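Biologist: I am new to this one. Could you walk me through it with short questions and answers?

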Amino acid sequence: MRDVYVLGVGMIKFGRYPDKDVPQLGADAALLALKDAGLMVKDIELLVCGNLFQSSSMNAQRILQQIGQTGIPALNVTNACATGSTAFREAYVGVASGMYDITMCVGVEQMGKMGLLGGGARSGGESVEGVLGSGLMPAVFGQAGVEHIRKYGTTFEQFAKVSVKNHKHSVHNPLSQYQVEVSLDDVVKGRMVAYPNTLYMCCPTGDGAAAAILVSADKMKQFTTKPVKVACSVLTSDPWTDRDLTMPDVNTLTRNAAKQAYEKAGLGPKDLDLVELHDCFATAELLHYENLGLCGEGEAGRMIDEGRTTIGGEIPVNASGGLLSKGHPLGATGVANIYEVVTHLRGQAGARQVEGAKVGMAHVIGLGSACTIHILTV
Amino acid sequence: MAAEGSSAGRKQRPIADMLHLPSKPGEKAYLAGYRCTACGAAYIGEGRIGCSKCTTAGKIEQIKLSDRGTLYVYSIVHQSAPGIPVPYISAIVDLPEGVSIRCNLVDIEPDPAKITFGMPVEMVTRKVRERKEKNAEGVEEAVDIIAFFFRPSHN
């Protein structure tokens with residue numbers, strides 16, 4: 001496999017765009033990435049589009065209808081919340097395999113004010129949601145957090161601190177859906193959605209798009225002197241675990257992905273300067289500190305207490321504001337995480353810059369389940 | 001397919017196929033699961049072709065699951081879709097067969113201070129709604145939809 005580099009990234013502010021459609025949002029991000037890379041659409045040899053809710057609408061092709069129908073292979077991927085990062089990985093594989101020299105991925109989603117998310121709530125025509133427990137995401141990630149409470153005595157306040165940190169980070173991210181600080185009191189006393197996650201501990205729904213352009217070493221040298229290398233691209237599915245039919249296991253597949261990622265990149269958690277991880281709910285972030293090896297087993301609560309994952313701390317997590325504040329337009333999220341890491345590695349993150357960042361990780365989970373990890377280096 | 005039961009002349013139907021209702025007096029409702037005879041892994045759900053743990057195909061048999069287990073974890077749902085009463089406890093219950101069940105935990109206050117990890121729980125069945133349906137003769141009749149719940153067990 002060949003080395004692969006990120007030459008360009010683009011992202012629109014996450015929020016609500018009722019007057020635009022999915023291809024238009026995707027095209028906006030694609031044009032930003034092309035401009036950032038110094039390329040034209042005719043330079044792109046493969047386009048991969050990640051979108052979840054309109055995945056049968058040929059969005060990659062419709063994006064080309066907006067920015068230039070060059071007749072290149074265009075494909076559409078879906079992988080739950082890991083849709084965008086899977087699109088990035090497909091574009092990566094295109095270059096790594098030697099088949100293409102320049103590929104582009106676009107992650108895009110339009111959710112509007114869609115409510116609680118979840119699946120499989122019917123059985124034989126009868127609705128079972130709220131009768132046979134809850135299959136909606138707030139309860140699923142509530143239970144995952146309660147499992148951590150059971151194992152390690154993690155507290156409600158420790159989970160709540162994740163929301164405080166990520167909202168604080170988002171104040172300095174102009175592309176974040178929300179850019180407002182919240183106090184621990186605001187979070188703890190906020191409306192309970194599904195214990196232990198209150199309103200501010202749940203990511204919002206919204207619209208958004210992000211794009212990235214991937215190139216071979218030869219093309220990289222032709223276009224930039226400041227390359228960002230993709231040190232590894234890992235995708236895992238959920239292996240069999242004891243309770244996976246009733247309680248999605250977000251831990252094991254992340255651990256498997258992290259192990260592979262560190263091996264492939266020849267790096268360890270101590271080498272990371274920043275991490276963008278999948279904080280769809282505040283509970284999830286603490287679980288992933290341990291899953292990604294950022295701290296030892298059962299130490300995640302202490303890690304947030306000590307501020308070790310705040311910008312300026314030992315390993316800043318979700319400098320962008322995370323899904324909790326930046327937003328989580330499903331198909332866009334995985335590419336937006338890459339955008340954030342690249343922005344820091346280039347030293348272009350402004351007031352939220354992680355100083356001297358050389359190695360960054362982007363982690364995404366899609367329930368069902370899929371996990372991607374990408375480590376980028378300069 | 002789960003058996004249909006009746007009580008006081010009214011037709012009953014389980015909310016999910018895994019719930020088997022009594023077909024005659026003296027029988028108890030039970031949940032059906034599956035077991036891989038090659039490795040022993042237990043499953044819930046319908047239409048299993050092979051074993052996702054050991055990858056053996058075609059060695060799946062149906063088993064009757066215990067109506068008693070222990071509480072693994074839970075969440076207390078305060079916000080849900082329209083029409084669903086809140087708050088309620090969404091729980092994961094471990095059964096002795098090595099499989100877990102997602103259910104509502106009932107007859108206990110939805111308060112973390114009152115809920116103990118590992119507490120013994122038992123299954124109960126209750127009517128949750130009714131449907132008007134035409135029977136084989138084309139006559140409309142009421143059908144009770146029966147669901148299973150788990151509650152603290154004190155013995």
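Modeller: A definition comes before the tour. Two strands pair if DSSP finds at least two bridges between them. Keep in mind that this is a predicted model.

Biologist: Over how many bridges do β3(B) and β4(B) pair?

Modeller: Strand β3 of chain B covers residues 19-20. One of its residues, B:Leu19, stands opposite B:Leu31 in β4(B). The two strands pair in the antiparallel sense, and the number of bridges is two.

Biologist: Which residue of β6(B) stands opposite B:Arg35?

Modeller: Strand β6 of chain B spans residues 60-64 and runs antiparallel to β4(B). Five bridges join these two strands. Opposite B:Arg35 stands B:Glu61.

Biologist: Which residue has a positive phi in the hairpin of β4(B) and β5(B)?

Modeller: Two bridges join β4(B) to β5(B), residues 42-43, and the strands run antiparallel. B:Tyr34 has B:Tyr43 as its bridge partner there. Five residues lie between the strands of this hairpin. The residue with a positive phi, near 90°, is B:Gly40.

Biologist: How many of the seven residues of β4(B) are buried?

Modeller: Strand β4(B) covers residues 30-36. Buried here takes 20 or more other C-beta atoms within 10 Å. β4(B) is largely enclosed by the rest of the structure, because the number of its residues that are buried is five.

Biologist: How many strands does chain B have?

Modeller: The C-alpha trace of chain B spans about 50 × 45 × 35 Å along its principal axes. Of its 155 residues, 34% count as buried. Chain B has zero helices, and its strands number 11.

Biologist: Which proline of chain B follows a cis peptide bond?

Modeller: The bond starts from B:Val86, and its omega is near -5°. The proline is found in the loop between β7 (68-77) and β8 (88-94) of chain B. That residue is B:Pro87.

Biologist: On to chain A. Which strands are at the edges of its open sheet?

Modeller: Nine strands form the sheet, in the order β3-β2-β4-β9-β1-β10-β13-β12-β11, with mixed pairing. An edge strand pairs on one side only, and here the edge strands are β3 and β11 of chain A.

Biologist: What angle does the direction of α2(A) make with that of β2(A)?

Modeller: The sheet's twist averages 25° from one strand to the next. Helix α2(A) packs on the sheet and touches β2, β3 and β4 of chain A. Its direction makes an angle with that of β2(A) of about 120°.

Biologist: What arc do the buried residues of α2(A) cover?

Modeller: Helix α2(A) runs over residues 59-67, and A:Asn59, A:Ala60, A:Ile63 and A:Leu64 are buried. They are on the same side of α2(A), because around the axis they cover an arc of only 145°.

Biologist: Which residue just before α2(A) has a positive phi without being a glycine?

Modeller: The residue lies in the loop between β2 and α2 of chain A. Its phi is near 55°. It is partly exposed, with 17 other C-beta atoms within 10 Å, and it is A:Met58.

Biologist: Which residue takes a positive phi just after α2(A)?

Modeller: Its phi is about 145°. Look just after the helix, and you reach A:Gly68.

Biologist: Which helix gives the most to the largest nonpolar core?

Modeller: That core has 167 residues. A:Val6, A:Ala29, A:Ala211, A:Ala212 and A:Val335 touch the most other members. The helix that gives the most, with nine residues, is α12(A).

Biologist: How do the residues on the side of chain A that touches chain B divide by class?

Modeller: The contact takes 27 residues from chain A and 32 residues from chain B. On the side of chain A, α4 (137-152) and β7 (192-194) each supply at least two residues. α4(A) gives the most, with six residues. By class, this side has 14 nonpolar, eight polar and five charged residues.

Biologist: Which residue is joined to A:Tyr195 by a cis peptide bond?

Modeller: Omega of this bond is about 0°. The partner lies in the loop between β7 and β8 (197-198) of chain A, and it is A:Pro196.

Terms used. Residues are numbered from 1 along each chain as its sequence is written. Chains are lettered from A and ligands numbered from 1 in the order in which they are written. This is a predicted model: local features need pLDDT of at least 70, side-chain atom pairs count only at pLDDT 80 or more; totals for chains, interfaces and linings use all residues. A residue is buried if 20 or more other C-beta atoms lie within 10 Å of its own, exposed if 12 or fewer, and partly exposed in between; C-beta atoms are placed from the backbone. Helices (H or I, at least four residues) and strands (E, at least two) are DSSP runs, numbered from the N terminus. The arc is that of the directions from the helix axis to the C-beta atoms. Axes are lines fitted to C-alpha atoms, for helices over the stretch in contact, and angles run from 0 to 180 degrees between N-to-C directions. Two residues are in contact if their C-beta atoms, placed from the backbone, lie within 7 Å. Ala, Val, Leu, Ile, Met, Phe, Trp, Tyr, Cys and Pro count as nonpolar, Asp, Glu, Lys and Arg as charged, and the others, Gly among them, as polar. A nonpolar core is a set of buried Ala, Val, Leu, Ile, Met, Phe, Trp, Tyr and Cys residues joined through C-beta atoms within 7 Å.
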